[in-house]
Amino acid sequence: QPSGINGVDDIPWGAHLCVFYRDARELQHLCVSFLTAGLEQKQYCLWITAPPVEAHQAVKALTDAFPTAQRYLDCQQIEVVPYTEWYVRDGRFDRQAVIRRWEEKAVVAAQAGYDGIRITGNPVWLHTDAQWLEFGVYEREVNQALRHQRIVALCTYPKQQCDSDQMVRIMQNHSHAIYRQSLNGLEWKSVTVDDALSQESP
């Protein structure tokens with residue numbers, strides 16, 4: 001199925017993608033491209049927002065880029081939800097509760113007749129070592145769970161918040177990594193994580 005992201009080839013069901021974005025422009029471009037491709041494929045889409053792109057900015061970016069986006073928003077084929085209503089309800093991250101929410105969404109999407117699910121989230125709210133550790137366990141569990149599901153996920157990490165060790169750990173919990181091919185344009189490339197990590201090895 002099309003990734004929607006310029007320069008990235010088709011992606012399989014179960015793909016768990018990660019990318020390290022530099023700024024709000026990159027983040028918007030990636031998420032809008034990824035999600036609108038899902039809408040065109042009759043998939044249910046969910047954008048879990050966080051700074052530097054808040055929910056109202058995400059909606060505007062969608063409607064600016066995709067003329068019929070409002071129709072999909074109105075019928076809830078795509079939903080835009082702030083991270084405080086998905087990842088950190090009541091001010092804390094509960095990975096089991098988040099996984100249950102994913103399972104509930106999968107049931108609802110299947111009952112509604114959608115072809116699958118396409119989701120993206122931005123965990124910019126990770127600050128402490130404990131938060132990074134807990135979220136890493138969650139990402140690892142998600143990576144295993146997605147392999148046999150009609151779900152594709154794009155996890156967007158702020159590059160300025162991630163050191164090299166964190167980047168490696170993040171990639172290890174995903175099936176594919178996306179990187180920008182040139183600083184002069186918004187064109188990307190995807191590699192499997194195994195290939196990317198082997199290229200990093202001496």
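Is the crossing of helix 4 and helix 5 left-handed or right-handed? The crossing of helix 4 and helix 5 is right-handed, where right-handed denotes a near helix turned clockwise from the far one by less than a right angle, and left-handed an anticlockwise turn. The model is a predicted one, in which local features require pLDDT of at least 70 and side-chain atom pairs count only at pLDDT 80 or more, while totals for chains, interfaces and linings use all residues. Residues are numbered from 1 along each chain as its sequence is written, and side-chain values use heavy atoms, with hydrogens and water left out. Helices (H or I, at least four residues) and strands (E, at least two) are DSSP runs numbered from the N terminus.

**Helix 4 and helix 5**

- The axes of helix 4 and helix 5 come within 10 Å and cross at roughly 30 degrees; axes are lines fitted to C-alpha atoms, for helices over the stretch in contact, and angles run from 0 to 180 degrees between N-to-C directions.
- Helix 4 is therefore roughly parallel to helix 5 (angles under 35 degrees count as roughly parallel, over 145 as roughly antiparallel, 65 to 115 as roughly perpendicular and the rest as oblique).
- Helix 4 contributes Arg 95, Gln 96, Val 98, Ile 99 and Trp 102 to the contact, and helix 5 contributes Glu 134, Val 137, Tyr 138 and Glu 141; contact means heavy atoms within 4.5 Å.
- The residues of this contact of helix 4 with helix 5 comprise five nonpolar, one polar and three charged (Ala, Val, Leu, Ile, Met, Phe, Trp, Tyr, Cys and Pro count as nonpolar, Asp, Glu, Lys and Arg as charged, and the others, Gly among them, as polar).

**Helix 1 and helix 2**

- Helix 1 (residues 24-40) packs against helix 2 (residues 55-65) at an angle of about 60 degrees, and their axes are 10 Å apart.
- This geometry makes helix 1 oblique to helix 2.
- The crossing of helix 1 and helix 2 is right-handed.
- Gln 28, Val 32 and Thr 36 of helix 1 meet Gln 57, Ala 61, Leu 62 and Ala 65 of helix 2.
- By class, four nonpolar, three polar and no charged residues make up the contact of helix 1 with helix 2.

**Aromatic pairs**

- The count comes to 15 aromatic pairs, with rings of Phe, Tyr and Trp (its six-membered ring) paired if their centres lie within 6.5 Å; planes under 30 degrees apart count as stacked, over 60 as edge-to-face and the rest as tilted.
- Trp 86 and Trp 102 form a tilted pair, because their ring centres are 4.7 Å apart and their planes stand at 55 degrees.
- This pair links distant parts of the chain, 16 residues apart: Trp 86 lies in the loop between strand 3 (78-82) and helix 4 (95-111), and Trp 102 lies in helix 4.
- Both Trp 86 and Trp 102 are buried (buried means under 20% relative accessible area, exposed over 50% and partly exposed in between, with a 1.4 Å probe and protein chains only).
- The rings of Phe 93 and Phe 135 are also tilted, since their centres are 5.4 Å apart and their planes are at 50 degrees.
- Phe 93 belongs to the loop between strand 3 and helix 4 and Phe 135 to helix 5 (residues 129-146), so the pair ties together parts that are 42 residues apart in sequence.
- Phe 93 is buried at a relative accessible area of 12%, and Phe 135 is buried at 3%.
- One aromatic cluster is formed by Tyr 83, Tyr 87, Phe 93, Trp 125, Phe 135 and Tyr 138.

**Surroundings of Trp 102**

- The relative accessible area of Trp 102 is 15%, so this residue is buried.
- Not counting residues up to four places away in sequence, Trp 102 touches Leu 46, Ile 48, Trp 86, Tyr 87, Ile 119 and Tyr 138.
- The C-alpha atoms of Trp 102 and Gly 38 are separated by 17 Å, with these positions 64 residues apart along the chain counted as their separation.

**Loop residues and backbone**

- Pro 51 and Pro 52 are joined by a cis peptide bond with omega of about 15 degrees, and Pro 52 lies in the loop between strand 2 (44-49) and helix 2.
- Gln 76, although not a glycine, has a positive phi of about 65 degrees; Gln 76 lies in the loop between helix 3 (69-74) and strand 3.
- Asp 90, likewise not a glycine, has a positive phi of about 60 degrees and is exposed at 80% relative accessibility.
- Arg 89 is found in the loop between strand 3 and helix 4 and is partly exposed, with a relative accessible area of 41%.
- Thr 84 and Arg 101 are touched by Arg 89, not counting residues up to four places away in sequence.
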